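Please work through the exercises below with the sequence and the model at hand. Each task is followed by a stepwise solution.

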Amino acid sequence: MTTHRVAFTLNGAARAIDVPADRLLIDALRDELGATGTKLGCGIGVCGACSVLVDGELLSACLLPAIFVDGHAVTTVEGLAADGELTATQDAFIRDGGFQCGICTPGQLVAATALLVEHPRPSPDEIRTWMMGNLCRCTGYYGIERAIGRAAGMT
Amino acid sequence: MPGAPGFRPVTNVADRTASVLGDPEYRVEGRDKVTGAARYAADVAMPGMLHVAFVASPYAHARIVAIDVSDARALPGVRAVITGEDTKPARLGRRLQDWPVLCWDRVLFIGDRVAAIAADSAAIAEDAARRVRVEYEELPAVLDADAARGPQAPVLHPDASSYRYFGGDRPSIPHPNLQAYAVHRHGDVDAGFRAAHRVYSHTFTVPRTHQAYIEPRAALVWLDGEVLHVVTTNKAPFALRQQMAASLGIAEANIVVDAGHIGGDFGGKGLSLDEFALAYLARASGRPVRSVTRYADDMQATNTRHAATIALTTAVDADGRILAHTSRVVFDGGAYAAGKPVATLLPGDAMLTLAGYRVPAASVEAMSVYTNQVPAGHSRAPGQPQNAFAAESHIDLVARSLGIDPLVMRERNVVRPGDIDITGAPWHGTDGAEVLARLRTAAHYAEARTTPHSLGAPAIGSGVALGVRHVGRGRASMVLRLSRGRVELRTGVADQGGGAYTLFQRIVATELGIPLGRVTVTRGATDAVPNDPGVGGSRVTPVQGGAALDAARKLRVRLAELGRALADAGDLEVIGEASQETHDASMYAYALRVLVDVETGSTKVEHATLVADVGTVINPVALRGQLEGGFVFGLGQALMEELRLEDGRVTNPSFADYKIPTIADVPPLQVELITGDPGPGPFGAKSVGELANPAVGAAVANAVQDAVGVRVWSLPITAEKIWAELTRPDEVREVAGSAED
């Protein structure tokens with residue numbers, strides 16, 4: 001299979017890797033760039049554990065060929081905290097029980113971050129509609145909803 | 001170690017408890033988990049690491065005639081290929097080692113493994129796996145637990161007597177296809193039935209479900225000289241070390257098991273599979289080898305919740321008081337019993353078929369049966385989701401038949417301290433009357449029962465159910481070090497998300513009367529910390545938490561002996577230990593309101609109230625999260641979850657087809673805590689991780705009957721089942737599933 005040079009921005013830093021055409025973004029991130037914050041769950045784009053932002057758009061890294069991010073900006077969970085300072089959403093997830101085991105948390109946080117850009121003060125329905133694509137088996141989602149509410153300054 | 005310090009009544013801590021346990025809870029591993037820094041097994045890589053694929057049986061039962069691995073071995077990038085010939089007679093398992101590391105003569109379920117490949121990439125390994133040619137001779141498959149016990153059934157484990165069983169003698173079994181068999185009897189059952197006003201018998205079924213953790217299993221194994229290193233998703237690393245040592249013939253001292261953060265467990269990750277074959281591949285290739293299970297394989301070939309058929313018969317007097325009870329539970333154990341850790345080889349609480357009630361006389365029979373299905377193991381409160389669904393549906397049916405309100409029926413029968421319960425022993429736990437009284441008030445029960453239905457709108461129904469759960473048992477130890485005024489607790493407890501490290505931090509800080517920030521908690525691999533029993537059995541808060549408390553107390557005593565304050569005592573080290581053998585239990589109860597669309601059977605839980613007896617609260621955020629998460633775990637299993645099998649093959653092995661609740665599926669949940677009854681854990685704490693999930697299914701079924709008058713006899717409670725009952729002619733419906741008298 002042919003190899004392609006993929007040049008993109010990962011959490012603000014310029015990166016370039018050579019990958020085969022069928023290399024998925026999640027494998028490129030985890031195996032070639034050591035960015036293991038993005039998690040593999042179902043592997044078929046259902047559970048949301050691998051959620052990343054590509055130019056601000058929420059996508060599943062387990063479905064996306066890495067070559068598609070050539071020239072684009074990718075944000076993963078590692079890119080949310082600026083200069084080691086947790087975002088309000090990250091901090092709220094800790095305080096409100098937004099996670100337990102933490103495996104879905106990178107995806108939840110990336111999705112919640114995108115939600116709060118689109119809807120800075122989301123209604124309960126907007127939270128539920130937006131976050132439906134991110135499964136969590138630990139929390140029952142109540143803590144996630146509380147955390148998003150706190151991060152949005154609504155509690 | 002009876003009377004270990006962790007479990008004496010606590011005195012003189014009230015002021016310290018108030019000061020530190022009142023502090024906000026902030027997860028000690030929280031920052032790592034929200035920044036992506038937390039490392040899970042699949043995140044660990046090593047230079048030169050190989051990737052693994054397995055060759056699995058497409059047949060539920062077959063003899064292996066021949067395996068040809070030459071094409072696989074010839075593929076560039078393949079570094080090692082092994083088959084059952086290389087691993088026999090090695091078998092794996094938690095208590096009974098009956099599961100071949102790789103099969104060499106017969107395969108017993110679809111997904112049973114016959115070969116393993118290590119290659120430079122996962123793609124190459126998978127390509128090689130497809131090139132392995134296996135010739136099978138298909139054998140008659142036993143797919144049904146009743147058929148498996150028949151006289152004609154093929155014996156699935158003819159060599160069972162040679163299997164390793166940890167800890168004494170394996171309990172005897174009356175049929176070769178049984179994994180386990182147990183009976184319990186107390187009181188005068190016959191007299192209870194003779195005195196009965198009415199006798200009721202009902203039979204319920206519960207399907208296989210998957211634990212549905214989001215993280216698939218993963219393992220990384222390498223050899224460093226003689227020492228085998230294992231990075232794993234297993235939540236009981238010391239137990240895995242013991243299992244691997246026995247199975248592979250390696251001294252425990254030469255195995256180091258390291259379990260980092262675990263991406264969800266719910267009972268399933270006590271069983272390891274890949275680690276064993278990886279040890280052979282590491283040896284054959286001389287390289288580190290890693291496997292990350294594809295989710296579909298995790299669902300087809302690991303260890304599910306047991307499917308079960310539960311038949312209950314109960315004799316009652318005219319007021320609905322229970323006089324005697326008999327039951328028979330048949331668990332479909334699948335191809336191997338390896339997933340079950342308890343001595344009986346039954347799922348944990350298999351015998352509790354009428355838990356939470358006064359039962360003066362009972363005869364209980366439970367068994368787990370070998371079939372050619374996916375092996376079954378432990379899943380959150382093992383045995384109880386099955387039994388609670390049956391018992392709490394049964395009690396409701398009895399109440400309705402007698403014209404007694406379902407909550408009144410429970411109030412008349414619920415256990416209070418000292419009452420004889422289904423175990424035949426005096427109940428040592430929550431006052432059930434208090435739980436139900438709180439439920440009646442909190443759920444506004446009287447109002448909910450009289451809410452009028454409006455014409456054309458969905459039918460409204462309310463349902464109640466209660467459940468009990470033992471407060472965990474076992475023994476544990478950990479190390480507490482004092483250095484320069486800071487204390488570090490070193491533990492072997494793996495983090496599966498329950499909040500153990502934060503719990504330990506808060507216990508130690510509370511006991512020593514120091515700020516939380518001066519206590520760090522460090523996890524160590526099996527070569528770095530004292531033996532730990534692992535996460536499970538509702539054990540972490542009372543037992544491992546008890547060891548943390550004991551360590552803090554020992555440090556306090558040492559400081560007092562030295563006449564030193566913590567800040568200037570120099571370096572000290574103590575070992576905390578705890579052992580918990582009592583049979584304390586907690587109780588919880590639900591009141592749910594459902595809306596049922598009578599045209600379609602579609603059902604929605606509109607609101608839920610949960611009353612839970614939790615004792616002293618140490619981690620308020622984690623405790624709430626465990627109860628909420630337990631409710632939704634139970635809600636998924638109540639409404640949507642079923643691992644569907646056709647001829648032994650899972651037909652919905654992905655989150656696209658195996659539905660678990662999303663954020664849009666969860667109803668408002670009101671949680672009411674009872675905290676005034678101290679438990680056996682630190683400062684009077686109890687455990688909650690497996691407290692809240694089992695009773696949800698029956699609460700929904702009871703509410704559905706309240707709404708539309710039909711009974712669903714099996715989980716999950718789907719629109720199809722309700723609609724089928726709604727459209728069934730009345731005379732047929734009367735006799736379906738149930739026989740009274």
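**Exercise 1.** How many residues does the contact take from chain A and from chain B?

*Solution.* This is a predicted model, in which local features need pLDDT of at least 70, side-chain atom pairs count only at pLDDT 80 or more, and totals for chains, interfaces and linings use all residues. Residues are numbered from 1 along each chain as its sequence is written, while chains are lettered from A and ligands numbered from 1 in the order in which they are written.

Step 1. Two residues are in contact if their C-beta atoms, placed from the backbone, lie within 7 Å. The contact takes 42 residues from chain A and 44 residues from chain B.

Step 2. On the side of chain A that touches chain B, two or more residues each come from α2 (88-95), α3 (105-118), α4 (124-131) and α5 (142-151) of chain A. Helices (H or I, at least four residues) and strands (E, at least two) are DSSP runs, numbered from the N terminus.

**Exercise 2.** Describe the fold of chain A by its elements and its long-range contacts.

*Solution.* Step 1. Chain A holds five helices and five strands, in the order β-β-α-β-β-β-α-α-α-α from the N terminus on.

Step 2. Along the principal axes, the C-alpha atoms of chain A fill a box of roughly 50 × 30 × 25 Å.

Step 3. Of contacts in chain A between residues at least 6 apart in sequence, 59% join residues at least 24 apart.

**Exercise 3.** Which residues of α7(B) and α8(B) meet?

*Solution.* Leu240(B), Met244(B), Ser247(B) and Leu248(B) in α7(B) meet Glu275(B), Phe276(B) and Ala279(B) in α8(B).
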